[in-house]
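Visitor: I'm new to this structure. Please pick one part, take me in close, and then follow its connections into what lies around it.

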Amino acid sequence: LGACPIGSLQAELAASSVKFPYYVVGFLLAFGALFGRFVCGFLCPFGLVQDLLYKIRTRKIGAFRADRPLRFVKYGVLLVLVIALPLLVKNAAGVGTPWFCKLVCPSGTLFGGIPLVAANADLQPLVGWLYGWKIAVLIAIVALSVFLYRPFCKYLCPLGAAYALFNRASLYRLRLDETACIHCGKCARACRMGVDPSKRPDDMECIRCGDCVKNCPT
């Protein structure tokens, strides 16, 4: 309710009298301009959950052909579910729906929906198909996170998509020292987001985790 800029943006766009959401857009612009996807690497609570799940020892899913095309899905989610539908599709009272929060967001389900229903007996009889759907989405992403690094961040998260747009211009970003780089490939092999920092240190998929720096021999 108070911490998610995507939820705040949808609430503003879905309101009956839509005004430009200066506060939340300013928040996104400020954090994006300063940090880019550093926010994904170090501030996102659902990113932490995915990181911990990926630590479970099992056979991991490596690079696959559809990986790069699938990463564009999150931009579609941002454009359609977060911006277009709440802004354009209204009910009889002139109020829209926060579609991403309602249908997709696993973080909201895990940290908001489940605790809320578990702690309020009056809400439990009201649980219906939508709650079941959100639980199913959460379970699918949680299960996939054991085998694939941060699938929600890579393919679905609209906040990650918003911050990714700033990665190449943010004040905090990686810089490649061409004179020191020996092009050994260790940084690319260390990157679980599928980035080759020796070629694209400002790639939109970089979450600034620093694993490439830790594994660089020079």
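Guide: Let's start with one helix, follow it into the core, and then visit some residues along the way.

A little housekeeping comes before the tour. This is a predicted model, so local features are described only at pLDDT of at least 70 and side-chain atom pairs only at pLDDT 80 or more, while totals for chains, interfaces and linings use all residues. Residues are numbered from 1 along each chain as its sequence is written, and side-chain values use heavy atoms, with hydrogens and water left out.

Our helix is α2, residues 22-35. Helices here are DSSP runs of H or I, at least four residues long, numbered from the N terminus. With 14 residues at 1.5 Å each, α2 should span 20 Å, and its end C-alpha atoms are 19 Å apart, so the two agree. (That expected span is 1.5 Å times one less than the number of residues.)

Now look at which way its side chains point. Val24, Leu28 and Gly32 are the buried residues of α2. Looking down the helix axis, they fall within an arc of 60 degrees, so they line one face; the arc is taken from the directions from the axis to the C-beta atoms. On the face turned away from that buried side you'll find the exposed residues Tyr22 and Tyr23. By buried I mean under 20% relative accessible area, by exposed over 50%, and by partly exposed anything in between, using a 1.4 Å probe and protein chains only.

What does the buried side of α2 meet? Its buried residues pack against α1 (5-14) and α11 (158-164). Right after the helix comes glycine 36, with a positive phi near 60 degrees.

From here we can step into the core. A nonpolar core is a set of buried Ala, Val, Leu, Ile, Met, Phe, Trp, Tyr and Cys residues joined through side-chain atoms within 4.5 Å. The largest one here has 25 residues, and the members touching the most others are Ile6, Leu78, Val82, Phe100, Phe152 and Leu159. Our α2 is one of the helices that each give at least two residues to this core, along with α1, α6 (73-88), α9 (129-147) and α11. There's also a second, separate core of seven residues, with Cys40, Tyr54, Tyr149 and Ile207 among them. As a general picture, nonpolar side chains tend to be buried together in soluble globular proteins.

Let's follow one of those well-connected core members. Beyond its neighbours within four places in sequence, phenylalanine 152 is in contact with Phe46, Gln50, Phe100, Pro106, Ile141 and Cys157, where contact means heavy atoms within 4.5 Å. One of these partners, glutamine 50, sits in helix α4 (residues 45-54). It counts as buried because its relative accessibility is 0%. Setting aside residues up to four places away, glutamine 50 touches Ser145, Arg150, Pro151, Phe152 and Cys153.

Arginine 150 deserves a pause. It is in the loop between α9 and α10 (151-155), and at 1% relative accessibility it counts as buried. Its phi is positive, about 45 degrees, although it is not a glycine. Most residues other than glycine have a negative phi. Histidine 183 also has a positive phi, about 55 degrees, without being a glycine. That residue is in the loop between α11 and α12 (186-190) and counts as exposed at 53%.

Phe46, another partner of phenylalanine 152, leads us to leucine 110 in helix α8. The C-alpha atoms of leucine 110 and phenylalanine 46 are separated by 8.6 Å, with their places 64 residues apart along the chain. Sequence neighbours within four places aside, leucine 110 is in contact with Phe46, Val49, Pro115 and Leu138. Leucine 110 is partly exposed, at 26%. Threonine 109, also placed in α8 (residues 106-119), is buried at 3%.

One last stop is the cysteines. A disulfide is counted when two cysteine sulfur atoms lie within 2.5 Å, and the count here comes to zero. Cysteine 184 has its nearest cysteine sulfur, from cysteine 216, 6.3 Å away, and that is too far for a bond. Both are partly exposed: cysteine 184 at 31% and cysteine 216 at 40%.
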